[in-house]
Amino acid sequence: MYFLLRNLSIQEVIFTTVTVPKLLATFQPLGRRISLTACAAQMFFFSVLGVTECFLLGVMACDRYIAICDPLRYVSIMTMQTCVLLVTVTWFSGFLVAFELVLLTFSLTYCADDKINHFFCDFSPVLKLACGDTSINVISLFVVSVFMMLLPFLLILYSYINILSTILQMKSSVGRCKVFSTCGSHLVSVALLYGSGMVVYLRTPTGDSESSGKLLSLLYCVGTPLLNPLIYSLRNQEVKRGLWSLIRRKLIE
């Protein structure tokens, strides 16, 4: 579990460096410009990290499923070699998908209008600047989004249905609370990422979709990486004790 959490932390640190510095730079007039190469690079790494996180959360759900539903075989199934293999597959999938989508996007011809209605180079805002037919790109983006989001989501759903079934069979209330504590942080992360990501990439475009899309993008670009360290660290009893000790000390002062 902690090996997967370390990978999730590394992924989110890199993820925030892809979008947040440029987001902060847009508050300055000169910082609102980005070169075509930088735009392509930002889009590529954003896609890599986004796809990787989707699959990584699915792998973490499987890890929780095995730990709770088949605890006696957990050590033999989730070996370090298996974890490394799963994480490698998630990163490789992210690179492969991102390379194909970015190559397809920047093979188009773009018009004179070069203003992106977004705070980073995302696919939909960039495609709106293209002069030619973008239907293939739009369809490809939608198909990839469905596959990359729904496949891990269904895996997560299947894992937690089995976990819930196991919880209901437990006679000990202490055991049930321990399982809920173990899974709660992961479920919050899944809800934040998939809730906002599915609305942005799997919805039908509407008149106010651009404004709401930017707000939801802000949630999974900034909000989720900001909250995840708090969500996962507060599961640790030592962190909780240290936090309450700090709060009491500040209140006394």
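## Exercises on the core and the cysteines

In this predicted model, the largest nonpolar core has 56 residues, and those with the most contacts inside it are F46, L57, Y194 and Y220.

**Exercise 1.** Determine which elements give two or more residues to this core, and which of them supplies the largest share.

*Solution.* Start from the list of contributing elements: α1 (2-25), α2, α4, α5, α6 (135-169), α7 (173-201) and α8 (209-233) each give two or more residues to the core. Then look at the shares, where α2 comes out with the largest, namely 17 residues.

**Exercise 2.** Describe the surroundings of Y194 and of S189, leaving aside residues up to four places away in sequence.

*Solution.* Take Y194 to begin with, which is one of the residues with the most contacts inside the core; Y194 touches C54, L57, M149, P152, F153 and I156 once residues up to four places away in sequence are not counted. Next comes S189, which has its place in helix α7 and is buried, with a relative accessible area of 1%. With sequence neighbours up to four places away again not counted, S189 touches L57, N228 and Y232. L57 therefore appears in the contact list of Y194 and in that of S189.

**Exercise 3.** Find how many disulfides the model contains, and work out where the bonded cysteines lie in the chain and what handedness the bond has.

*Solution.* The criterion needed here is a pair of cysteine sulfur atoms within 2.5 Å, and by this rule the count comes to one disulfide. The bond joins C39 and C121, whose sulfur atoms are 2.1 Å apart. This pair links distant parts of the chain, since C39 belongs to helix α2 (residues 36-69) while C121 sits in the loop between α4 (80-105) and α5 (123-127), 82 residues apart. For the handedness, consider the torsion about the S-S bond of C39 and C121, which is about -125°, so the disulfide is left-handed. As a last step, check the accessibility of both partners: C39 is buried at a relative accessible area of 6%, and C121 also counts as buried, at 2%.

**Exercise 4.** Explain why C54 and C83 are not bonded to another cysteine.

*Solution.* For C54, the closest cysteine sulfur is in C221 and lies 12 Å from the sulfur of C54, which is too far for a bond. For C83, the closest cysteine sulfur is in C62, at 11 Å, and this is likewise too far for a bond. Turning to accessibility, C54 counts as buried at 7%, and C83 is buried with a relative accessible area of 7%.

Key:
Residues numbered from 1 in each chain as written. Predicted model: local features only at pLDDT ≥ 70, side-chain atom pairs only at ≥ 80, totals over all residues. Heavy atoms only, no water. Helix = DSSP H or I, 4+ residues; strand = E, 2+ residues; numbered from the N terminus. Buried < 20%, exposed > 50% of the residue type's maximum accessible area, 1.4 Å probe, protein only. Core = buried A, V, L, I, M, F, W, Y, C linked by side-chain atoms within 4.5 Å. Contact = heavy atoms within 4.5 Å.
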